[in-house]
Amino acid sequence: MTTSRLRRQGRDSPGAGRAGGGAGAAAAGATTVRWPLLALLLPLLPLSVLALSALEPPQRLVLVATEEQPARSEPFDLRDGWLGSPRIALEAEIPDNSTVELGVRLLDEAGRPVLELFKDGWRESGTWAEGGESGSWQERDTTLQLQLRPQTSGRFQLEVTLDELLGVSGLPLQAPVTLRGTVRNHSVAAALLLYTAAVSQAIVLCLLAAVYGAARSRRRLRVEEGVAALRLPLGGPGLVKLVVRARWELPDGAKPEHDPPALAPFSLSLSDGAGQRRLDHQATLKVCRHTNDGDSWLTLTQTHHLRLAEPGSYRLRVTVPETFSPQGDPWEIEWLQLSVEDGVKTAFRVPLLPLRPRGARA
């Protein structure tokens, strides 16, 4: 549980509490930039088109053609619209090691041909043996796909004529050819849409990094003791972000004999250029234990945001315990790190540590 000496003082001083709260609310609103989050919708547009195209189930086609009798499919709908385009896909089933020649016509409701084409197909298979291993192989080209846009929507039929079916020796085969297919009225290029979504996502991430990852200045200080302090210019538009990290270890690789401490005292202070204490924040923070390959260590991580409307020279000081000795285990600090970013913008409101007004008593 976190406690703050400054907040207790704010409750004792109503005027100071109102001033600090009003400044914090105004600062949070001034540094909150949400419009870049709308860019997250950009990759969803191509994915939405892909999802909408898959909502309509395909119309199934089955045709059986012989040399004596052409085959006609059941009437199906072809509709032109804003989403995708109609696509007809056919797959011919022919014997192994054979070739086929098909004539395909698309007929309108009155039986008039609106599209006519020819398809040559083949199918080959065999076995192989090499180095004591063997297997089989098969290759074929028996697929026909039509991507089209009818001038007017309506009902159409496919008529397939079997012009020639030859075996491996070049002799005609007396066998029917079965064609199975689908009709989709809203087919889209799925690979292109997925690529567009991936590129859009990369652009959006660059935009978010440019807005929320930019700062006027960055500074990091790491020390091998429990106190880290530095003076630097801060303040102006945006927030000041403070990230404190600490790590403790047992000396000389000793093994812990008891449970490590769960909490650690923590203090953060801020003084302005005149030496006046503007912030004195104290808390009790949770300590995390880590173990790997027989080694154990403790870590602490804490993030705070401040709003310094007046630019100036400020001194930051962070204090954590240098040693823990619970039940005889001498945990010693390995390092303490203080990272400071100035001019930070956030997408959402973040809690701000309230500062004392200039000239107020500590």
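Start by selecting Arg315, which sits in strand 18, a strand covering residues 312-319. You are looking at a predicted model, so take each stop on this tour as a feature of that prediction. Is Arg315 buried or exposed, or something in between? Its relative accessibility is 34%, so Arg315 counts as partly exposed.

Keep Arg315 selected and add Arg231, Arg277 and Arg317. Together these four arginines form a positive surface patch. Colouring them alike will help you see the patch as a unit.

**Stepping back to the whole chain**

Now clear the selection and show the chain as a cartoon. You should find four helices and 20 strands. The chain has 362 residues, and 39% of them are buried. Switch on the surface next: the accessible area comes to about 20500 Å², with 53% of it belonging to carbon and sulfur atoms.

How much of the contact pattern joins residues 24 or more positions apart? Among contacts with a separation of 6 or more, such pairs account for 79%. The next stops show some individual links.

**Salt bridges across the chain**

The structure holds 13 salt bridges. Select Glu159 and Arg72 to see one of them, with an N to O distance of 3.0 Å. Glu159 belongs to strand 9 (residues 154-166) and Arg72 to strand 2, so this pair ties together parts that lie 87 residues apart in sequence. The two partners are covered to unlike degrees: Glu159 is buried, at 11% relative accessibility, while Arg72 is partly exposed, at 46%.

Move on to Glu93 and Arg180, whose side chains meet in a salt bridge at 2.8 Å, N to O. This pair links distant parts of the chain, with Glu93 in strand 4 and Arg180 in strand 10 (residues 177-187), 87 residues apart. Glu93 has a relative accessible area of 38% and is partly exposed. Arg180 is partly exposed as well, with 44%.

For another salt bridge, select Arg123 and Asp96, where the closest N and O atoms are 2.8 Å apart. Where in the chain do Arg123 and Asp96 lie? Arg123 is in strand 6 (residues 113-130), and Asp96 is in the loop between strand 4 and strand 5, which puts the partners 27 residues apart. Arg123 counts as buried, with 18% relative accessibility, whereas Asp96 is partly exposed, with 38%. Before leaving the salt bridges, bring back Arg72 and Glu159 and add Arg105: salt bridges with shared partners join these three residues into one network.

**Two loop residues**

Return to the loop between strand 4 (85-93) and strand 5 (98-107) and select Asn97. Check the backbone here: the phi angle of Asn97 is near 55 degrees, a positive value in a residue other than glycine. Asn97 is partly exposed, with a relative accessible area of 30%.

Your last selection is Ser73, in the loop between strand 2 (71-72) and strand 3 (76-78). Is Ser73 buried or exposed? At 3% relative accessibility, it falls under the 20% limit and therefore counts as buried. Show its surroundings to see what it touches: beyond its neighbours within four places in sequence, Ser73 is in contact with Leu61, Leu63, Gln157 and Leu158.

Technical notes:
Residues numbered from 1 in each chain as written. Predicted model: local features only at pLDDT ≥ 70, side-chain atom pairs only at ≥ 80, totals over all residues. Heavy atoms only, no water. Buried < 20%, exposed > 50% of the residue type's maximum accessible area, 1.4 Å probe, protein only. Contact = heavy atoms within 4.5 Å. Patch = residues over 30% accessible without salt bridge, like charges linked within 9 Å, V, L, I, M, F, W, Y side chains within 5 Å. Areas by Shrake-Rupley, 256 points an atom, 1.4 Å probe, with all protein chains shown as cover. Lys, Arg positive; Asp, Glu negative; His and termini not counted. Charge placed at Lys NZ, Arg CZ, Asp CG, Glu CD.
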